[in-house]
Amino acid sequence: MSLPPRLGRWLRRRLVQRARPCLIRVDREGRLLGMDGDCAHYGLDGLPAWADVTPYLPLLVGLDLNESGAGDPSRDVESVAGSMLWPMVEIAGGRHADLLLEADGDVTLMLLTDADDAHARQALPQQHANERALLTRRLQRALEELKAARSELEARNRMLESLNDAKGRFIAGLSHELRTPLTAVLGHAGLLRDQLEAAPVRGAASPSMDASRESLDAIQSGAEHLLSLVGNVLDHASIETGQLVMNPAPLSLAQLCVDLRGLFEREARRRGMTFRVRADRLPPRIETDATRLRQVIINLVNNALKYAGTGVVELKLDWREGRLVVAVADRGPGVPLSQRERILRPFERADTSSGEGKAGSVGLGLAISAELVRRLGGEIQIDDHPGGGALFSFSIAAPVSQGPVAPAGTAGVASATESVHLLMVDDAPEIRILYTSLLGRAGFSVRAVRDAEAALAALAGRRPGIIIVDLNLCDADGAELVRRFRAQGFAGKILGWSASALRADRERMLGAGADRYLVKPVPAAELRDALRELFVAP
Amino acid sequence: MDARKICILGDFAVGKTSLARRFVHQQFSDKYLTTVGVKVDTKAVELGAGRALKLAIWDIAGTDTPTELLLRYTRGAAGFLLVADATRAETLDCCAELRDAVLDRLGPLPHILLINKCDLEAQRELTAAALPSPLDTALARFDTSALTGAKVETAFTALARAMLESAP
Ligand SMILES: Nc1nc2c(ncn2[C@@H]2O[C@H](COP(=O)(O)OP(=O)(O)O)[C@@H](O)[C@H]2O)c(=O)[nH]1
Ligand SMILES: [Mg+2]
């Protein structure tokens, strides 16, 4: 740009005004040789000649511009050895200056120009940029920590789950182990009792017979108690590991009432109480998991007998629009409102329980009942019984069964099953002895063998109507054996059983061709019912 | 009194300005004010036996990579402090890079590593340990806090002594 001299002079004045230049000359020792320009702006005015300037300009400490010789005047000052530009240096009084240094022989020239404006312009954006970078960094870090925390939680969760699974499997396994010998104890005690009752009348009154009967009572009630505890623990483990499955089947409600009366009337009398069943408008048969429903009712009635301790315990069954309504009422102290939810959880019991209730119970029964009712499609309610006492009730889905009508009476069944030949494959001798005897008395003709080889041989002889196969045989897998029976053209009914309540085992057995699956120990009555149903079914 | 120029180098916001402020004025502010350009402060340190040294302390605006301008500011320095932020591990890498560039430009100079903000125990990412291997050229490492003042004086004095010994 070329300017007329007058404008050029004006522009120069203007730029100089803005830049507020100050030129200082010092010698090698930093002593002031001379000053020119706006020295006051930089707080340097009033310095006497030969004064040491480094206290005022400490940035000169350590600097020796002459060490690399004089600058080359033809080149730009910033890129020449011996000259140096330091922009935006904060000097005394908080002012900012651009500082240009140049060596000229023994003299150093320092040109200061104002940089306050430039500093003010840069400071804010720089501040923002840095703060943003810091925030971004902190955000990233927080996200990483969250991610790490989450994956750690997930890992811990997986570990807990697998631990819990292992615990469940262990408990289930242990329970199965316990059930088989308990089955034998109970079954044989039952056989002994039958023999005792069938003994000649004169012996029945003898003191030794009474003692035997008492021992038998103790054995049976002890074993039953143990079995129900094991059953509860197993059920709880099955629920926890998601193994509990419902098996809906036709159930005769009249038969259920008869069974429950038989089960509790004597027990209630023993306690000086009364057990009553009231049934209204019941269809003959409904579809539900009979075993589980029975288990829940037995648990509730047992609790009522235990906790009420006195008066009437009433079981009421009602059927309305496809639902079975069950209510168990007692005249005991009732359940305080504050505890109603709690006692339905595992290992909790009402505080008000009397001495007897505490002993021998692990606080699982009610929690299991609550879960079973949930699986059956209902929910246990706890209320006050009008006039005092507790009222436990629930309703479950119970469609009227289209299944085969049950054989009318015991006599009819006996005659119907008389001709049925039954093959039992089980490697436990106590089981073979027990059920051979039990089923023999129910009118079946039973052949019991211990392994697959013997079973296949037996099949070649007289064809059985029904085969009972244990899942765990000493020489074979029960499910495999079932498959071989079917492959050899056996078209009769097969009942699989085992001490395992695991869903996988049940499905394996049914998948191989079994018609039903029962979990040992199977009470004699239940086994008879199951066999009758199989026998009657098409 | 003898005078030496030292530079405080490190990534932005590691606490360079705060360390200088603590050392020179015994003050601390938790407000962050970005340094633009440089600020030069002086302080005399007593080194015992009647020896003393005046330090011209250059607090240079932080950058994560060494720039030409930054290296120009270091001219004439007799030693430098490398500052990392204990709560940001990556600021240590930045120290190594700056160290390489400065030694390359100025030749072998005594330098010391400061792991600053050690008062923030809970957020700590750089653990208290010996000198990290990429920075083993440093004379020493100090875990400092401009907030509490811990080891700040020690670090500056150690550098002063080292400079005096390397070029009396
Ligand atoms: N807690 C804590 N904060 C610090 C310390 N040193 C600096 N800070 C803070 O860190 C931020 C950046 O400090 P500053 O000295 O400006 O960092 P610079 O960019 O390296 O000069 C400011 O908010 C300071 O208050 C310290 O030792 N402890
Ligand atoms: Mg700063």
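The questions and answers below concern a predicted model, and they turn first to a ligand and then to two pairs of helices.

Q: Which residues come nearest to ligand 1?
A: The shell around ligand 1 holds 20 residues, and some of these approach the ligand more closely than the others do. Those that come nearest are A13(B), K16(B), S18(B), D119(B) and A146(B).

Q: How many residues of the shell around ligand 1 are nonpolar, polar and charged?
A: Helix 1 of chain B, which spans residues 16-25, gives the most to this shell, with 3 residues. When the residues of the shell are divided by class, they come to 8 nonpolar, 6 polar and 6 charged.

Q: What is the distance from a polar side-chain atom of T17(B) to an oxygen atom of ligand 1?
A: Polar contacts to oxygen atoms of ligand 1 come from the backbone in two cases, namely a backbone N or O atom of A13(B) at 2.6 Å and a polar backbone atom of G15(B) at 2.8 Å. For T17(B), the polar atom belongs to the side chain, and its distance from an oxygen atom of the ligand is 2.8 Å.

Q: What share of the accessible area of ligand 1 does the protein cover?
A: On its own, ligand 1 has 580 Å² of accessible area. The part of this area that the protein covers is 91%.

Q: Are helix 2 and helix 4 of chain A roughly parallel or roughly antiparallel to each other?
A: The axes of helix 2 (residues 116-198) and helix 4 (residues 207-240) of chain A come within 8 Å and cross at roughly 155°. Angles over 145 degrees count as roughly antiparallel. Helix 2 and helix 4 of chain A are therefore roughly antiparallel.

Q: Is the crossing of helix 2 and helix 4 of chain A left-handed or right-handed?
A: The contact of helix 2 with helix 4 of chain A has 19 nonpolar, 8 polar and 8 charged residues. As for its hand, the crossing of helix 2 and helix 4 of chain A is left-handed.

Q: Why are helix 5 and helix 6 of chain A described as roughly parallel to each other?
A: The axes of helix 5 (residues 253-270) and helix 6 (residues 290-308) of chain A come within 11 Å, in a crossing that is right-handed. Angles under 35 degrees count as roughly parallel. Helix 5 and helix 6 of chain A are therefore roughly parallel, with axes that cross at roughly 25°.

Conventions: Residues numbered from 1 in each chain as written. Chains lettered and ligands numbered in written order. Predicted model: local features only at pLDDT ≥ 70, side-chain atom pairs only at ≥ 80, totals over all residues. Heavy atoms only, no water. Near = heavy atom within 4 Å. Polar contact = N/O pair within 3.5 Å; in protein donor to acceptor, adjacent residues only side chain to side chain. Areas by Shrake-Rupley, 256 points an atom, 1.4 Å probe, with all protein chains shown as cover. Helix = DSSP H or I, 4+ residues; strand = E, 2+ residues; numbered from the N terminus. Nonpolar A, V, L, I, M, F, W, Y, C, P; charged D, E, K, R; others polar. Axes fitted to C-alpha atoms, helices over the stretch in contact; angles between N-to-C directions. Parallel < 35°, antiparallel > 145°, perpendicular 65-115°, else oblique. Left-handed = near helix turned anticlockwise from the far one by under 90°.
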